[in-house]
Amino acid sequence: MRKSIGTQVTGARLAGWVLVACAGFAALPADAQRRAPRNISVTVSDTAGNPIPDATVAVAGTGLRASTDAHGQVEFRNVDWGPQNISVRKIGFREVNQPVVVPADGSIAAGITLRRAPVDLGKVVVRDSGGKPARLARTARFDEFYKRRRAGAGTFITREDIEARNPGRAVDLFMGVAGVRLTYRGSTPLLSFARCKEGVEVFVDGQRLNDGINVLNSIHPNQIEAIEIYHGLATVPPQFSPKPNDCAAIVLWTRFF
């Protein structure tokens, strides 16, 4: 009889302990109940479907962060199941935050599309090059020459003109210029102007030369950047004003100026 009573007491105590344990587990916070780890696979591409490598992908609220490979892909392992938020960043693209739900019984694959971010170029100033060629457009070299050329008061020969004609001598560049004649005194070439019978001033790189024609004959065409020809006194700019008894001017600019 005593043995029977002891057995009943022991069984009652065991049942009570089981109930208490179950109640205690149910009372634990949801965060304390460990979730099964799962994986998230992310593929990042642009609006044309091209993969984007080296994009930074992170799972918000975790320490999980990595860069996409050459195929625009990255994988995170051991991610808790349930709602997660994926953030993707890449220079030149808009940042994307995309929520996903990791199932309790498997992993998930997410495709994320990035759109290019507009680029602010700031204020753009367009300046008139004055007809300068591209090789001089970003410099101040020969600005005054092209300014006078645009005004059109004389005859102007550019480096492009010289290279197109490919003359053997500098004086050959004056052949065909209206109002200018090329003559010879023995073997020495001379220049004369139809509207100027007295004399011609010659400048090289802005400097007046006393024996300009002979200097002109000694310069090879591939050394010349530009030539200005003023046929009469009325058209000569003030900085190239001829001496008394002279009425025309030739202004030569070398490529080394």
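Is Arg159 buried, partly exposed or exposed? With a relative accessible area of 22%, Arg159 counts as partly exposed. Keep in mind that what you're looking at is a predicted model.

**Charged pairs**

Let's stay with Arg159 for a moment. This residue forms a salt bridge with Glu163, and the closest N and O atoms are 3.3 Å apart. Both residues sit in helix α3, four residues from each other, which is about one turn of the helix. Glu163 is partly exposed too, at 46% relative accessible area.

Here's the general idea: side chains of opposite charge can pair when their charged atoms come close. In this model the count comes to eleven salt bridges. Three of them are set out here.

| Salt bridge | Closest N to O distance |
|---|---|
| Asp143 and Lys132 | 2.6 Å |
| Arg135 and Glu160 | 2.8 Å |
| Glu163 and Arg159 | 3.3 Å |

Take Asp143 and Lys132. Asp143 lies in helix α2 while Lys132 is in the loop between β7 and α2, so this pair ties together parts that are eleven residues apart in sequence. Lys132 counts as buried because its relative accessibility is 9%, whereas Asp143, at 33%, counts as partly exposed.

The bridge between Arg135 and Glu160 links distant parts of the chain: Arg135 is in the loop between β7 and α2, and Glu160 is in helix α3, 25 residues away. Arg135 is partly exposed at 37% relative accessibility, and Glu160 is partly exposed at 34%. Now zoom out a bit: Arg135, Arg159, Glu160, Glu163, Glu225 and Arg255 are linked in a network of salt bridges.

**Aromatic rings**

Next, look at the rings. There are four aromatic pairs. In one of them, the ring centres of Phe145 and Phe156 are 5.6 Å apart and the planes stand at 75°, so the pair is edge-to-face. Phe145 belongs to helix α2 (residues 143-151) and Phe156 to strand β8 (residues 155-158), eleven residues apart. Both of these Phe residues are buried.

Phe156 also pairs edge-to-face with Tyr230, at 6.1 Å centre to centre and 90° between the planes. That pair links distant parts of the chain, with Tyr230 in strand β13 (residues 224-230), 74 residues from Phe156. Tyr230 is buried, just like Phe156. Add Tyr146 to Phe145, Phe156 and Tyr230, and you have one aromatic cluster.

**A three-stranded sheet**

Now find the open sheet with strand order β4-β1-β7 and mixed pairing. β4 (73-80) and β7 (108-114) are at the edges with a single partner strand each, so one side of each has no neighbour in the sheet. On average, neighbouring strands here are turned by 25° against each other, direction ignored. β1 (residues 37-46) and β7 run parallel and are joined by seven bridges. In that pairing, Val44 stands opposite Ile112 of β7.

**Some loop residues**

Finally, a quick look at the loops. Asp54 isn't a glycine, yet its phi is positive, about 60°. You'll find Asp54 in the loop between β1 and β2 (56-59), and at 54% relative accessibility Asp54 counts as exposed.

Asp205 also has a positive phi, near 55°, and lies in the loop between β11 (200-204) and β12 (207-209). Is Asp205 buried or exposed? Asp205 counts as buried, because its relative accessibility is 19%.

Pro118, in the loop between β7 and α2, counts as exposed at 63% relative accessibility. Pro118 and Gly92 are 26 residues apart in sequence and 7.9 Å apart in space, C-alpha to C-alpha.

Technical notes: Residues are numbered from 1 along each chain as its sequence is written. This is a predicted model: local features need pLDDT of at least 70, side-chain atom pairs count only at pLDDT 80 or more; totals for chains, interfaces and linings use all residues. Side-chain values use heavy atoms; hydrogens and water are left out. Two strands pair if DSSP finds at least two bridges between them. Helices (H or I, at least four residues) and strands (E, at least two) are DSSP runs, numbered from the N terminus. Axes are lines fitted to C-alpha atoms, for helices over the stretch in contact, and angles run from 0 to 180 degrees between N-to-C directions. Rings of Phe, Tyr and Trp (its six-membered ring) pair if their centres lie within 6.5 Å; planes under 30 degrees apart count as stacked, over 60 as edge-to-face and the rest as tilted. Buried means under 20% relative accessible area, exposed over 50%, partly exposed in between (1.4 Å probe, protein chains only). A salt bridge is a side-chain nitrogen of Lys or Arg within 4 Å of a carboxyl oxygen of Asp or Glu.
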